[in-house]
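The following exercises concern helix geometry, burial and a chain interface. Each task is followed by a worked solution.

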Amino acid sequence: MKSSERTHPYHMVEPSKWPVLSTFGALTAAIGGVWSMHGGPVFGLLFGIGLMIYSAYCWWRDVVHESRNGIDYTNTVRRGLRIGVVLFIASEVMFFFAFFWAFADATVPIISRTAHVTWPPEGVVPLDPFGLPLINTLILLASGGTVTYAHHMLKLNNQARCADGLFLTVILGIIFTFTQGLEYGHATFGFSDGIYSSTFYLATGFHGLHVIIGTIFLGVCYWRCKLGHFSAIHHIGFEAAAWYWHFVDVVWLFLFGCIYWWGSLSYFVPS
Amino acid sequence: MRVGQGVAMGNNHEVHPSGWRRWLYSTNHKDIGTMYIVLSLIAAILGGSMSGIIRLELMFPELQFIQDLQFYNVMVTGHAFLMVFFVVMPAMFGGFGNWFVPLMIGAPDMAFPRMNNISFWLLAAALILLLLSAFVQGGAGTGWTVYPPLSNADYHPGPAVDFGILSLHVAGASSILGAINFIVTILNMRAPGMTIHRMPLFVWSILVTAFLLLLAIPVLAGGLTMLLTDRNFGTTFFEVAGGGDPILWQHLFWFFGHPEVYIIIIPGFGIISQVISTFSKKPVFGYLGMAYAMVFIGVVGFVVWAHHMYTVGLDADSRAYFVGATLIIAVPTGVKIFSWLATMWGGSIEFPAPMMFACGFIFLFVVGGVTGVALANSGMDLAWHDTYFVVAHFHYVMAIAAVLAIFSGYYYWIGKMSGRQYPEKLAKIHFWLFFAGVNILFFPQHFLGMAGMPRRIPDYPDSYAGWNLVSSVGAFVAGIATLLFFFIIWKTFSSGGKVQSNQWGPGATTLEWTVDSPAPFHTHEELPVTNSHMPAE
């Protein structure tokens, strides 16, 4: 059968070595990670992560090639990709759900009998939510606006303005990460100083990791936009990055509301 | 050709990879399904051997041969992890799901074939990590529930539990990617005319299971990450001394763990529906009720988790809620049982091996379901918690019922997968041996549990002797039946006769029976058009 005799709208993917190489990277990273946590050297972990990043790069390079060959990415295939991205984000939401649960378990008496009566626990000096965290909230909200601006410009087929919007979004993402690092530096509580630190650092830390991933994703989109990969109707990679970014944004709003503001309320506004 | 150069290849299906590349680099749903089934067979040998060691130790009172008691804990843990994550899930969801979802909905392959490949290989990597966790520095003896403080750095200081945690992380990533793949395939790739309400029930079962995986696994991943940082980086999520709460782990674990038991059994519902309909030569009774019963079980399965935690000191109102919510699940489950029976009612029934296994499934599932209704009551569970009654209950309802569903599906579809006929007489002997074995094995455990015998303990007082011996004898019968199954596999492939594209006749109405046996490398390239529940009729 020749490719011209297309009988269905689906993308039949050629065999690929990247999945099995990524897996080998993940396995090496896992074994190397456990080894390094128990006094061994760290190179196994680093090699594994490196191999995963390399495989992911090659894999996505193939995906970008396929998206541009004019054959594989039919409307049906793009619909499938959109559903896939939404499902992936749904699973990410459930991942953060676990960390919010941990926070609730430590702070809300009707959820846990061992919840703390005072929060933050005695001796913990929380960060002022209306300092750097509020600035970060505004930065992230603004970045949500710039990415939406970029999307609208793309839909109007204004590639240059779209790239501008993406550039601004990436810069705002980098500023957010930088500010978050600054804020960690100001914190008076260390990583292993008890349950307040545990919930604070893992929830905000995993959010920060997602910001970094989202920033890279948007950066790739900026680069692809510059190369003219997107069209007004054909920009599934951009859509995925934008949705992911909005998800990161919403998680932050919950973090700000719960952990930064509500979680420090009794410290800054004693009853 | 060079791999990964997808440019301008388009729909070119001439490419037929061979040798090891065919398997390692596979993007074919049938090859990947086959690899899942092979992995599950390998894991079944390992997990089955561990249960053999457990039953040998428990055959008589006092310690038989185990010197290091942690070794017994490791066997209990390894058996559970292997059977749940590396036998039942790969066989049903990864194996039969990959093989038959595209075939049944009339799609040429899965939505994301490369992602399908990494789902499989991540599971293989997770298996290696799990074996490391069992065999390095004393092994992980935490039980599959991995409760802290037993699983924390004080009681399991070595790397074993860390390997176990990462194994579950990797297996979880595999499952999430697989779930996304199945949902997109089912929502986006049904053949023309195959509406949602015309999908075979097996496809429905995989759809529901995929949603459960998608939403439950990440919560476990969050909990596992907390456990990992508690163990290695000084956080105190589950450490009372640092203001944490070990009960939090139980919540997070069972918020995943309860949907997980439905993840195990729901694809079995799908298989049984196909088999019973085929061999009764009738459409499934109450098709929509059957489909939405699975959806209902899946949804309610997310809000009953604390029935695993009645003894931790939840307040009475919480327990009352969890009792009620749990009992409600008996309703859609009853819908399924009675609809299977009603499907058979008035049918022209045949009893080849898959149908026998399906009927066996119904019996085992009902026994386990009835003890489940009993255990759902908080007051009763206070007495039964952590006894062999619970062990008997969940082995009936999700372990051996699931395995019978797998055997049923295996005999039902092996002709389609291999093109060869299994030996019918031997398969029937396999059924009777296995069915008798598992009942002798697990039924007496109800008595032991009622008498108060605790689970996960290698020794017991003399008063529990007797039924433990019976149980162990049952285990050996089931073990012999399993060896016979491997012999049947060998026999099928070495001397099984060729089978037709539809070997089961007029009752087999789903699309997989319209393609050749064995199913060719690529199928449904011309999309089939359907306009009924029975597209192959």
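**Exercise 1.** Establish whether the end-to-end distance of H6(A) agrees or disagrees with the span expected from its residues.

*Solution.* The structure is a predicted model. Step one: H6(A) has 32 residues, and at 1.5 Å a residue these should span 46 Å. The rise applies to one less than the number of residues. Step two: the end C-alpha atoms of H6(A) lie 46 Å apart, so expectation and model agree. Step three: just beyond the helix, Gly228(A) adopts a positive phi of about 75 degrees.

**Exercise 2.** Apply the procedure to H5(A), then state which residues of this helix are buried and which helices they pack against.

*Solution.* Step one: H5(A) covers residues 159-186, and its 28 residues should span 40 Å. Step two: its end C-alpha atoms are 41 Å apart, which agrees with that expectation. Step three: the cut-off for burial is under 20% relative accessible area. The buried residues of H5(A) include Cys162(A), Leu166(A), Val170(A), Phe176(A) and Glu183(A). Step four: the packing partners of the buried residues in chain A are helix H4 (132-155), H6 and helix H7 (236-261).

**Exercise 3.** Describe the interface of chain A and chain B by its contacts, its area and its polar interactions.

*Solution.* Step one: 63 residues of chain A contact 79 residues of chain B. Step two: the size of an interface is often expressed as the accessible area lost when the parts come together. Between chain A and chain B the buried area is about 6,400 Å², with 69% given by carbon and sulfur atoms. Step three: the rule finds one salt bridge across this interface. Glu66(A) and Arg114(B) form a salt bridge in which the closest N and O atoms are 2.9 Å apart. Step four: 14 residue pairs, both members at pLDDT 80 or more, are in polar contact between the two chains. Step five: on the side of chain A that touches chain B, at least two residues each come from helix H1 (18-37), helix H2 (43-67), helix H3 (75-107) and helix H6 (195-226) of chain A. H3(A) supplies the largest share, 18 residues. By class, this side of chain A holds 33 nonpolar, 21 polar and nine charged residues.

**Exercise 4.** Decide whether His395(B) is buried or exposed, and identify its contacts.

*Solution.* Step one: His395(B) is located in helix H13 (residues 388-418) of chain B. Step two: His395(B) counts as buried because its relative accessibility is 13%. Step three: with neighbours within four places in sequence left aside, His395(B) contacts His79(B), Ile400(B), Ala401(B) and Phe442(B).

Definitions and conventions:
Residues numbered from 1 in each chain as written. Chains lettered and ligands numbered in written order. Predicted model: local features only at pLDDT ≥ 70, side-chain atom pairs only at ≥ 80, totals over all residues. Heavy atoms only, no water. Contact = heavy atoms within 4.5 Å. Buried area = accessible area lost by both parts, 1.4 Å probe. Salt bridge = Lys/Arg side-chain N within 4 Å of Asp/Glu carboxyl O. Polar contact = N/O pair within 3.5 Å; in protein donor to acceptor, adjacent residues only side chain to side chain. Helix = DSSP H or I, 4+ residues; strand = E, 2+ residues; numbered from the N terminus. Nonpolar A, V, L, I, M, F, W, Y, C, P; charged D, E, K, R; others polar. Buried < 20%, exposed > 50% of the residue type's maximum accessible area, 1.4 Å probe, protein only.
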